[in-house]
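Hi everyone, thanks for making time for this. I'd like to walk you through one structure, so please have a look at the sequence and the model first.

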Amino acid sequence: MGIREFPNGSARGKAATLGMRRSPDVSPRRLSDISPQLRQLKYLVVDEAIKEDLKWSRSVEDLTSASVGLTSIEERILRITGYYGYQPWAASYKRDERSRESPAPAEAQMQAGAEGGGRVSRCCWKCSVTQLKKIFWGVAVVLGVCSSWSGSTQLAKLTFKKFDAPFTLTWFATNWNFLFFPLYYLGHVFKSAEKQSPKQRYRECCRFFGDNGLTLKVFFTKAAPFGVLWTLTNYLYLHAIKKINTTDVSVLFCCNKAFVFLLSWIVLRDRFMGVRIVAAIFAIAGIVMMTYADGFHSHSVIGIALVVGSASMSALYKVLFKLLLGSAKFGEAALFLSVLAVFNVLFVTCIPVILYFTKVEYWSSFDIVPWGNLCGFSILLLTFNILLNFGIAITYPTLISLGIVLSVPVNAVSESSPSSLSAWASSCCSCQRSGTSG
C-alpha cells in the first residue's frame, strides 16, 4: 500500500500503519497526542510515489521554506499522519486502480464519439419531426384563421343588405361563445389520460379567478368589463362594414397590434423596442393617409373612426386581461369566454330589445331574418376565436398573426368578385324559404 517495513521492526511497523490509517475526523489536535507514533516513525520509510504526492500537496509557504531549510520535521509528520485531512497512500492507491481499470484513451474517445453521435442524430431527427409538425399545423391554422376571418367579414356585409342590425348580430354571435368550455371539455376527454368529470374540471379552471373561484364579486369586477369590451369591439367592427368597404376595414383593424404594443409599454411597463415603435408610427401614418385620401369631411371618416375604435377596444381588452388576470391556460381561457357569453345573455339582451322597439334596428317580421347568414357568421366567428386562442398549442403565434394579415388580400379579391358570395347567400335564403313553406 505504499509503505515498507524494516525487517527488524515488523511489529512497530504494523502499529504505525494502523496509526497512519486513522481517519481525519479523529485526528489529534496536539503534537503530544501522537508522541508514540512519532517514536515509531523512525523505523519507517516513505515510498517514492508518496513522496511525489507529498511534494505536490505542500503549500506555497512549505515550498518557499523548504528551500532554505525551515520546514520542521513535525510539520512533515503531521502531513503524513493525516492531520491536515490528506492521505497520500489512498491517493496513490486510487491512482493505480484508475490506471488499471480505465481503457485506452483512443478506445474511450471512439466509444464516446459513437455514443454522442447517435444521441445527436436522434435528437436532431426528433427536433426536425417536431418542427415539421408545427409548420404543417401552422399552415393549416393560417388557412383557417384567414378563411374564417375574411369569410365572417364578407358574410356580415351580405347580411346587412337584408338585415340592418349590427348590434343584434353582435349579440347573437357572442352567445355562441358559450360553446367554448363544452368543446374544450370534449378535447380534454379524448386527449387527457386522467379524465375528470365536468364539475371537477370546472372547479379546477375556476381557480383562475382566485382562491374562492367564480363568485358574484369576481363576475362583476373581472368578467363584466371584458364582456363590455368584447361587445364594443365586435359592434364597432360590424358597424364600420356598413360605412366603408371590407378591405379597408380589415386593413385598419390590423393596426390593433400597434395599439397593443403602445398600451403594453405604457400600462404593463414592457421593454421598449424601437422597431415596434417605428411599426406603430407607420400604422398610425397609414390611418391618417387613408383618411386624407378620402377627405376628412367625407362619409368614410366615420367608418375609419369606427374601425380604429374597434382596434383600440381589442387592444385594451388584451392589455387589461394580462394586467388583471395574467396568463391563462386553455381550460381557463375557454371558461372565461363561456362566462362572457353568460354575461351577454344576462345583461346585454335588453339592448337589442330596446333598439327593436325604438326602431333603431327594426325588422318587420322574424320570417325575413336571414337565419342562415346569422348562424354562418356566428360559426365562422367562433372558429376564428377558437383558432386564435388555442392555435398556439400546435403552432407558432407568429403564424396566427400572419393569418389575420392574409385576410386583407382575400377580402380584396372577394370584394372585386362578389358574385359567388351573392349566389351562396341567395341559395341559403332559398333553402330557408323552402323549409318554412314545407
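So, how much space lies in the largest pocket? About 1,800 Å³. Before I go on, please keep in mind that we are looking at a predicted model.

Let me stay with that pocket for a moment. Its lining counts 49 residues, and the closest to the centre are Lys257, Val260, Lys318, Leu388 and Asn389. If you want to colour the lining by helix, the elements that give two or more residues to it are α7, α11, α13 (256–267), α15 (300–324), α16, α18 (371–390) and α19 (397–416). And what is the lining made of, by class? There are 29 nonpolar residues, 13 polar ones and seven charged ones.

Now to the second largest pocket. Here the volume is about 570 Å³. The lining has 17 residues, and Tyr184, Lys191, Phe330, Phe390 and Ala393 are the closest to the centre. Three elements, α9, α16 and α18, give two or more residues each to this lining. Which of the elements gives the most? That is α9, with six residues. Sorted by class, this second lining holds ten nonpolar, five polar and two charged residues.

From the open spaces, let's move to the enclosed ones. As a reminder of the idea, rolling a probe the size of a water molecule over the atoms shows where empty space is left. In this model, the count is two cavities of 30 Å³ or more. I'll show you the second largest of them, which holds about 30 Å³ of space. Around this cavity you'll find Thr170, Ala173, Thr174, Asn177, Trp230, Asn234, Leu381 and Asn385. At least two lining residues come from each of α8, α11 and α18, and α8 gives the most, with three. How does that lining divide by class? Three residues are nonpolar, five are polar and none are charged.

On to charges, then. In general, side chains of opposite charge can pair when their charged atoms come close. How many salt bridges does the count come to here? Two, and they make a nice pair to talk about.

One of them joins Asp164 and Lys242, with the closest N and O atoms 2.7 Å apart. This salt bridge links distant parts of the chain: Asp164 sits in the loop between α7 (105–159) and α8 (166–174), while Lys242 belongs to helix α11 (residues 216–243), and 78 residues separate the two. Are these partners buried or exposed? Asp164 has a relative accessible area of 40%, so it counts as partly exposed. Lys242 is also partly exposed, because its relative accessibility is 33%.

The other salt bridge is between Glu204 and Arg201, at 3.2 Å from N to O. This one stays inside a single helix: both residues lie in α10 (residues 198–206), three residues apart, which is about one turn of the helix. Why do we call Arg201 buried? Its relative accessible area is 15%, and the cut-off for buried is under 20%. Glu204, on the other hand, is partly exposed at 31%.

Next, something for those of you who like surfaces. There is a nonpolar patch formed by Phe178, Leu216, Phe220, Val342, Val345, Leu346 and Phe347, and together they have about 670 Å² of accessible area. Two elements, α11 and α16 (330–348), give two or more residues to the patch. The most come from α16, with four residues. And where is Phe178 placed? In the loop between α8 and α9 (180–191). With a relative accessible area of 49%, Phe178 is partly exposed; exposed would need over 50%.

One last residue before we open the floor: Leu316, in helix α15. Its relative accessibility is 29%, so Leu316 counts as partly exposed. What I like here is the contact across the sequence: Leu316 and Leu229 are 87 residues apart in sequence, and their C-alpha atoms are 7.9 Å apart in space.

That's my tour. Thanks for listening, and I'm happy to take questions.

Notes:
Residues are numbered from 1 along each chain as its sequence is written. This is a predicted model: local features need pLDDT of at least 70, side-chain atom pairs count only at pLDDT 80 or more; totals for chains, interfaces and linings use all residues. Side-chain values use heavy atoms; hydrogens and water are left out. A salt bridge is a side-chain nitrogen of Lys or Arg within 4 Å of a carboxyl oxygen of Asp or Glu. Buried means under 20% relative accessible area, exposed over 50%, partly exposed in between (1.4 Å probe, protein chains only). Patches are made of residues with over 30% relative accessible area and no salt bridge: like charges are joined within 9 Å, nonpolar side chains (Val, Leu, Ile, Met, Phe, Trp, Tyr) within 5 Å. Accessible areas come from the Shrake-Rupley method with a 1.4 Å probe; for residues, only the protein chains shown count as cover. On a 1 Å grid over the protein atoms alone, a cavity is a set of points where a 1.4 Å probe fits but cannot get out, and a pocket is an open set with protein on both sides within 12 Å along at least five of seven lines; lining residues have an atom within 4 Å of a point. Grid points are joined across faces, edges and corners, and a volume is the space filled by probe spheres set on the points. Ala, Val, Leu, Ile, Met, Phe, Trp, Tyr, Cys and Pro count as nonpolar, Asp, Glu, Lys and Arg as charged, and the others, Gly among them, as polar.
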